[in-house]
Amino acid sequence: VDELIAVKSAEIAELAASIGVDEEMLFNYWNEIMSEGANIEELERKDAERNAEEERKRKEEEERLRREAQERKKQQQQLEELKRNQDIENMLWPLPKSGRVTSGFGYRNAPTAGASTYHRGIDIGAGDLSGSDRNVVAALAGTVIEASYNKTSGRYIKIDHGNGLVTAYLHADKLYVNVGDYIERGQVIMLAGNTGVSSGPHLHFGIFING
């Protein structure tokens, strides 16, 4: 190898001499080439850094847009779920363990002293139920606006579902919610009973629209 280097060096020297180029000029040319090479490497490095930064920003923007789209979708789903849970078309039967209507809506003979002759709701029988089978659930999602007692309704609850819709649940033995509570559709709110003017354990269920 050393011999080959020596031979080639001699050939380069002869070639340089033949074209009038001395070693100093070659050295200067070589330095210029190395300098330009360093400049090119620096430009490539800066270009690579710029590209990497642009790629990072692009990915960050994509992630931001993805999160925003995901949040919008989540909010839309929540709104749709809330609307579904407050829509009268999706109302649940309030006493799941009993489908026995003992008194319908409208004019009637008073079933007991003090009871109305125009019934503003329906009565669902609970006399053959015991324990948790008498649990009453919210027909729709909403906010409790009344949870109290009076001599006619007994223990009762009213829930505001928005858009002028309110449901009422009367004659409970026990109340499980308070005024101001937000109630989910299907959440247990009371135990059907026989308080107030009542001829036996039942749930009086009423619906009010714009009063």
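# Close-up views of a predicted model

E11 gives the most to the lining of the largest pocket, supplying 4 residues. That strand is a good place to begin, and the views below return to it. Please keep in mind that this is a predicted model.

**View 1. The largest pocket and the strands around it.** This pocket has a volume of about 480 Å³. Its lining is made up of 33 residues. Among them, Arg108, His119, Leu170, His171 and His204 lie nearest the centre of the pocket. To find your way around, look for the strands that each supply at least two residues of the lining: E1 (101-103), E3 (118-119), E4 (122-125), E7 (154-160), E8 (165-175) and E11 (202-209). What kinds of residue make up the lining of the largest pocket? It divides into 18 polar, 10 nonpolar and 5 charged residues.

**View 2. The second largest pocket.** About 160 Å³ of space lies in this one. Its lining brings together Lys83, Gln86, Asp87 and Ile88 with a run from His161 through Gly162, Asn163 and Gly164 to Leu165, and with Ile209 as well. By type, these lining residues come to 5 polar, 3 nonpolar and 2 charged. Asn163 appears again in View 6, where its surroundings are described.

**View 3. Strands E1, E4 and E11 side by side.** Here you can follow two pairings that share strand E4. E1 and E4 run antiparallel and are joined by 2 bridges. In that pairing, Val101 has Ile124 in E4 as its bridge partner. E4 and E11 also run antiparallel, with 4 bridges joining them. Which residue of E11 stands opposite Ile124? Leu203 does. Ile124 therefore makes a handy landmark, being the bridge partner of Val101 and standing opposite Leu203. E1, E4 and E11 are also among the strands that each supply at least two residues of the lining of the largest pocket.

**View 4. Strand E6 and its partners.** E6 covers residues 142-150, and 2 bridges join it to E9, which covers residues 182-183. The two strands run antiparallel. Within this pairing, Thr143 has Tyr182 in E9 as its bridge partner. E6 pairs with E7 too: 7 bridges join them, again in an antiparallel arrangement. Ala147 finds its bridge partner in Ile157 of E7. How many residues does the hairpin use to join E6 to E7? The connection runs through 3 residues.

**View 5. His171, a buried residue with a positive phi.** Follow strand E8 to find His171. Its phi is near 70 degrees, a positive value in a residue other than glycine. Most residues other than glycine have a negative phi. Is His171 buried or exposed? Its relative accessible area is 6%, and because buried means under 20%, His171 counts as buried. His171 is also one of the residues that lie nearest the centre of the largest pocket.

**View 6. Asn163, out in a loop.** Between E7 and E8 there is a loop, and Asn163 is found in it. Its relative accessibility is 81%, and because exposed means over 50%, Asn163 counts as exposed. Asn163 and Arg100 are 63 residues apart along the chain, and their C-alpha atoms are separated by 29 Å. Asn163 is also one of the residues that line the second largest pocket.

**View 7. Asn210, after the strand E11.** Asn210 has its place in the segment after E11. Although Asn210 is not a glycine, its phi is positive, at about 50 degrees. With a relative accessible area of 66%, Asn210 is exposed, whereas His171 in View 5 is buried.

**View 8. Stepping back to the protein chain.** The secondary structure consists of 2 helices and 11 strands. Reading from the N terminus, the order is α-α-β-β-β-β-β-β-β-β-β-β-β. The C-alpha trace spans about 135 × 35 × 25 Å along its principal axes. The radius of gyration is 43 Å, while a compact globule of 211 residues would have one near 17 Å. Of the 211 residues, 27% count as buried. Among contacts with a separation of 6 or more, 61% come from residues 24 or more positions apart.

Methods: Residues numbered from 1 in each chain as written. Predicted model: local features only at pLDDT ≥ 70, side-chain atom pairs only at ≥ 80, totals over all residues. Heavy atoms only, no water. 1 Å grid on protein atoms, 1.4 Å probe; cavity = no way out; pocket = protein on both sides within 12 Å on 5 of 7 lines; lining within 4 Å. Points joined across faces, edges and corners; volume = space filled by probe spheres on them. Nonpolar A, V, L, I, M, F, W, Y, C, P; charged D, E, K, R; others polar. Pairing = 2+ DSSP bridges. Rg over C-alpha atoms; globule rule 2.2 N^0.38 Å. Buried < 20%, exposed > 50% of the residue type's maximum accessible area, 1.4 Å probe, protein only. Contact = heavy atoms within 4.5 Å.
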